[in-house]
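Let's take a walk through this model together, starting with its charged side chains and moving on to its rings and one of its ligands.

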Amino acid sequence: MKKKKKKKRAPRQEMSRQDAKQRVKNFNEVALGYSIEAAILEASRCIGCPKPKCVDGCPVFVDIAGFISLIQEKKFVEASRKIKLTNVLPAICGRVCPQETQCEIECVLGKIDEPVAIGRLERFVSDYEAEAGEIEIPARPDPKGKKVGVVGSGPAGLTLAGELAKMGYGVTIFEALHKPGGVLVYGIPEFRLPKAIVAREVDFIEKLGVEVKTNFVVGRTASVEDFFNQGYDAIFLGLGAGLPWFLDIPGINLVGIYSANEFLTRNNLMKAYLFPEYDTPIKVGKKVVVIGGGNVAMDSVRTSLRLGADETHIIYRRSRKELPAREEEIENAEAEGVIFDFLVNPVEFLGDEEGRIKAMKLIRMELGEPDSSGRRRPVPIEGSEFEYRCNTCVIAIGQGANPLALSAIEGLKLNKWGYIEADWDTTKTSVKGVFAGGDIVTGEATVIEAMGFGRRASIAIDKYLSTGEW
Amino acid sequence: MNKIVKKQKLADGINLFEIEAALIARKRKPGQFVILRLDETGERIPLTIADVNREKGTVTIIVQVVGKTTEQLGTLGEGNSILDVVGPLGQPTYIKKFGTVVAVGGGVGHAVCYPIARGMKDAGNYLISIIGARNKKLVILEEETKSFSDELYITTDDGSYGRKGFVTDQLKEIIESGKKVDLVLASGPAIMMKFVSLMTKEYRIKTIVSLNSIMIDGTGMCGVCRVEVGGKTKFACVDGPEFDGHEVNYDLLMKRLASYKEEEKLAHECYLKTMANSEPIN
Ligand SMILES: Cc1cc2nc3c(=O)[nH]c(=O)nc-3n(C[C@H](O)[C@H](O)[C@H](O)COP(=O)(O)OP(=O)(O)OC[C@H]3O[C@@H](n4cnc5c(N)ncnc54)[C@H](O)[C@@H]3O)c2cc1C
Ligand SMILES: Cc1cc2nc3c(=O)[nH]c(=O)nc-3n(C[C@H](O)[C@H](O)[C@H](O)COP(=O)(O)OP(=O)(O)OC[C@H]3O[C@@H](n4cnc5c(N)ncnc54)[C@H](O)[C@@H]3O)c2cc1C
Ligand code: SF4
Ligand code: SF4
Ligand code: FES
């Protein structure tokens with residue numbers, strides 16, 4: 001039993017990272033994870049609150065106090081399995097969840113000290129379980145004799161598929177690309193989320209009995225109507241927000257201007273960083289600029305460094321304080337030598353005779369009154385344009401709803417931005433038997449929020465298919 | 001995995017492949033294409049579906065060797081498989097009875113034109129086909145095209161077959177002969193489509209071109225295929241690949257097509273080198 005005497009709490013354990021000078025020369029994971037000792041020490045910081053606040057911050061309600069107490073007992077595999085009861089992708093969430101605004105911000109320790117490093121512990125136990133080769137496949141339940149089609153293999157679709165399979169439904173995932181994983185495979189770079197981990201998690205879901213059909217574009221290869229005609233009882237749309245936004249300014253289509261989606265897809269999905277061993281090329285010039293200030297911009301700019309750019313910049317129209325990217329990613333980028341140019345915005349791209357970008361015209365901005373998002377609105381300073389040379393540009397200003405699969409679904413209600421209108425709790429859409437969740441409902445959000453949709457959808461679909469009530 | 005059930009050489013460096021892809025065959029309409037990837041390290045490349053056989057569940061593609069991937073595809077034969085084939089992608093051609101339609105195909109572009117032209121014929125149009133090639137050896141699908149065309153003309157750059165000259169010369173002659181042409185379809189190298197469009201614009205004849213921009217996903221996700229049509233940015237893979245020929249910015253298309261010239265050359269050379277060093281297959 002615990003001693004009365006107050007033990008001094010250990011400081012929050014740092015996770016070792018590859019040295020910044022080294023890591024910009026490779027695509028290996030930057031963060032190296034906890035050692036067993038560090039994990040136990042970090043776990044010892046958790047005071048096991050009787051009513052843990054941390055859980056409130058987790059969209060899938062991981063039993064945080066429970067899994068951390070198992071780490072304290074050195075039961076790492078059990079800890080991992082505890083997480084998996086509500087989160088089928090712990091190795092991924094432990095790496096990419098914005099914990100500082102989710103579970104960790106709620107941790108009571110944060111009020112007096114630093115919060116428990118929940119994400120790092122989650123990552124540690126799930127990697128431990130995988131390395132120990134002790135991944136447990138739950139026994140298959142009796143089949144329910146009903147089929148569900150899941151469109152899109154991002155975190156929303158994967159989570160839903162896993163949960164439904166565990167209940168005994170027949171589940172097929174339809175994925176447009178040749179590899180399952182959604183943004184986890186085509187967007188988030190190897191140095192933040194190794195693709196082998198995504199493959200491992202997809203493999204786990206397949207072992208639960210889920211069938212994955214890649215190279216299948218819903219809206220082209222088959223329609224949602226076709227699925228119902230073929231005997232599917234319910235359909236879930238987890239299409240993501242896969243439509244890149246470009247700036248509507250002159251020169252946007254010059255050679256050397258990429259959308260972040262293209263830049264990251266070439267590199268992550270098609271492995272262009274291994275060209276010519278892999279066939280898909282990618283080209284960065286000496287000076288690369290990335291327009292935008294979110295996680296996608298940080299991923300793009302850090303990728304371009306690793307591809308050999310001499311000088312890399314972030315161009316952001318507000319100031320550092322307003323950067324939407326995770327603090328950890330901004331620090332990583334700074335440590336690697338990325339230069340941040342604040343309060344500027346492009347107004348035109350300039351090309352050479354071959355139509356290749358050679359410069360852009362930037363305008364200086366100042367911050368005005370706060371806008372609807374509560375952030376101060378950037379306002380251009382008249383007459384402050386100047387020329388800025390660069391050889392490659394990546395546009396990372398966000399993305400919208402891809403209409404490809406949607407326009408053909410009769411009666412499907414979309415909101416004014418083109419996203420699907422679906423109930424937050426039940427994920428039901430305006431069409432009977434059709435559910436939707438993840439980025440295609442909320443717009444670009446987070447992995448764990450997409451997974452939250454997947455979980456809620458599994459409950460709602462089970463209810464719908466058991467009762468027949470819509 | 002998609003098995004190749006038939007391979008046929010149509011001309012020097014141009015092969016026809018019939019591939020198992022039942023779902024695609026069922027849905028495909030003329031004007032649509034597939035994207036394929038040969039193996040794990042391969043690139044994704046778009047190819048027009050020239051024909052389908054719904055009973056057999058196959059699609060036919062006609063491919064010209066121009067670089068690494070098309071070269072490697074050319075080495076595959078009946079019984080071999082292609083790792084990924086996805087489709088049908090792109091908007092189908094708007095096919096209806098226009099009246100007289102002239103279908104102009106340059107080089108392997110005729111493989112793109114061919115299924116659309118046949119669709120136009122089936123819709124009751126008077127169909128005039130023009131096949132252009134550099135020389136006699138590169139003329140493809142002549143017999144097949146003849147079988148459904150009301151008139152067929154062939155032009156070669158060197159005069160080794162048909163009329164000596166460019167497809168535009170033949171097209172001009174047809175128009176000048178006083179025949180009322182209601183629609184021109186053009187597919188081939190960007191420069192050819194540009195000159196066809198410049199000419200038909202003068203005569204105010206509606207012209208549809210099929211653009212061959214670089215693509216990756218083919219679903220509107222990456223934006224690499226963007227083209228400018230009427231001053232607006234469009235994605236060729238989902239908004240096209242067919243557009244109003246008079247509105248397309250061809251110079252931009254050509255520049256974007258040349259984005260990776262050096263890398264493509266390097267990839268092709270590396271491939272040829274490894275092929276030369278490896279044991280011959282047969
Ligand atoms: C570069 C980048 C970095 C990010 N970093 C983070 C991070 O660090 N932490 C975090 O929490 N979130 C991050 N996000 C956001 C997060 O990845 C997304 O919120 C999340 O992936 C959304 O999941 P989803 O399941 O809704 O869709 P997606 O992951 O987008 O998956 C959708 C899938 O559906 C497929 N699809 C689309 N249309 C069709 C169709 N018609 N037929 C068949 N399949 C189709 C797509 O190919 C795709 O595979 C990042 C996003 C990007 C782009
Ligand atoms: C909608 C569409 C339909 C097409 N239909 C046919 C067809 O029926 N038959 C045919 O022979 N060709 C067709 N093409 C062209 C074909 O895709 C290219 O020839 C092929 O990608 C070349 O690949 P490669 O590796 O052999 O050559 P590379 O050396 O890589 O490239 C040669 C040239 O092909 C173009 N190209 C390169 N990569 C791509 C890519 N990923 N996507 C598109 N173009 C690329 C570039 O202009 C390049 O300079 C079509 C293209 C499009 C967009
Ligand atoms: S899933 Fe994400 S939010 Fe939930 S506990 Fe784990 S790291 Fe925190
Ligand atoms: S709130 Fe913090 S200290 Fe309390 S149980 Fe959760 S992680 Fe542990
Ligand atoms: S090929 Fe990616 S958007 Fe068209």
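A good place to begin is a network of salt bridges that links Arg23(A), Arg192(A), Asp299(A), Arg302(A), Arg306(A), Glu329(A) and Glu336(A). Please keep in mind as you look around that this is a predicted model.

Two pairs in that network deserve a visit of their own. In one of them, the side chains of Arg302(A) and Glu329(A) meet with an N to O distance of 2.7 Å. Arg302(A) belongs to helix H14 (residues 295–306) of chain A and Glu329(A) to helix H15 (residues 327–336) of chain A, so this salt bridge ties together parts that are 27 residues apart in sequence. Both Arg302(A) and Glu329(A) are buried.

In the other pair, Arg306(A) forms a salt bridge with Glu336(A), and their closest N and O atoms are 2.9 Å apart. Here too distant parts of the chain are linked, with Arg306(A) in helix H14 of chain A, Glu336(A) in helix H15 of chain A, and the two positions 30 residues apart. Arg306(A) counts as buried because its relative accessibility is 7%, under the 20% cut-off for that label. Glu336(A) is likewise buried, at 7% relative accessibility.

Now for a salt bridge within a single helix. The side chains of Lys166(A) and Glu163(A) meet at 3.8 Å, N to O. Both residues lie in helix H9 (residues 155–167) of chain A, where they are 3 residues apart, or about one turn of the helix. Are these two partners buried or exposed? Lys166(A) is partly exposed, because its relative accessible area is 30%, while Glu163(A), at 9%, counts as buried. Over all chains, the structure holds 48 salt bridges.

Let's turn to the aromatic rings. Ring pairs join Phe174(A), Phe216(A), Phe227(A) and Tyr232(A) into a cluster, and the count of aromatic pairs over all chains comes to 19. Charges sit over rings as well: Arg456(A) lies over the face of Phe453(A), 4.6 Å from the ring centre. In chain B, Lys194(B) lies over the face of Phe195(B), at 6.0 Å from the ring centre.

Our last stop is ligand 4. Which residues surround ligand 4? They are Cys46(A), Ile47(A), Cys49(A), Pro52(A), Cys54(A), Ala65(A), Cys107(A), Val108(A) and Val116(A). By residue class, this shell divides into 9 nonpolar, no polar and no charged residues.

Key
Residues numbered from 1 in each chain as written. Chains lettered and ligands numbered in written order. Predicted model: local features only at pLDDT ≥ 70, side-chain atom pairs only at ≥ 80, totals over all residues. Heavy atoms only, no water. Phe/Tyr/Trp six-rings, centres within 6.5 Å; stacked < 30°, edge-to-face > 60°. Lys NZ or Arg CZ within 6 Å of the ring centre and 35° of its normal. Near = heavy atom within 4 Å. Nonpolar A, V, L, I, M, F, W, Y, C, P; charged D, E, K, R; others polar. Salt bridge = Lys/Arg side-chain N within 4 Å of Asp/Glu carboxyl O. Helix = DSSP H or I, 4+ residues; strand = E, 2+ residues; numbered from the N terminus. Buried < 20%, exposed > 50% of the residue type's maximum accessible area, 1.4 Å probe, protein only.
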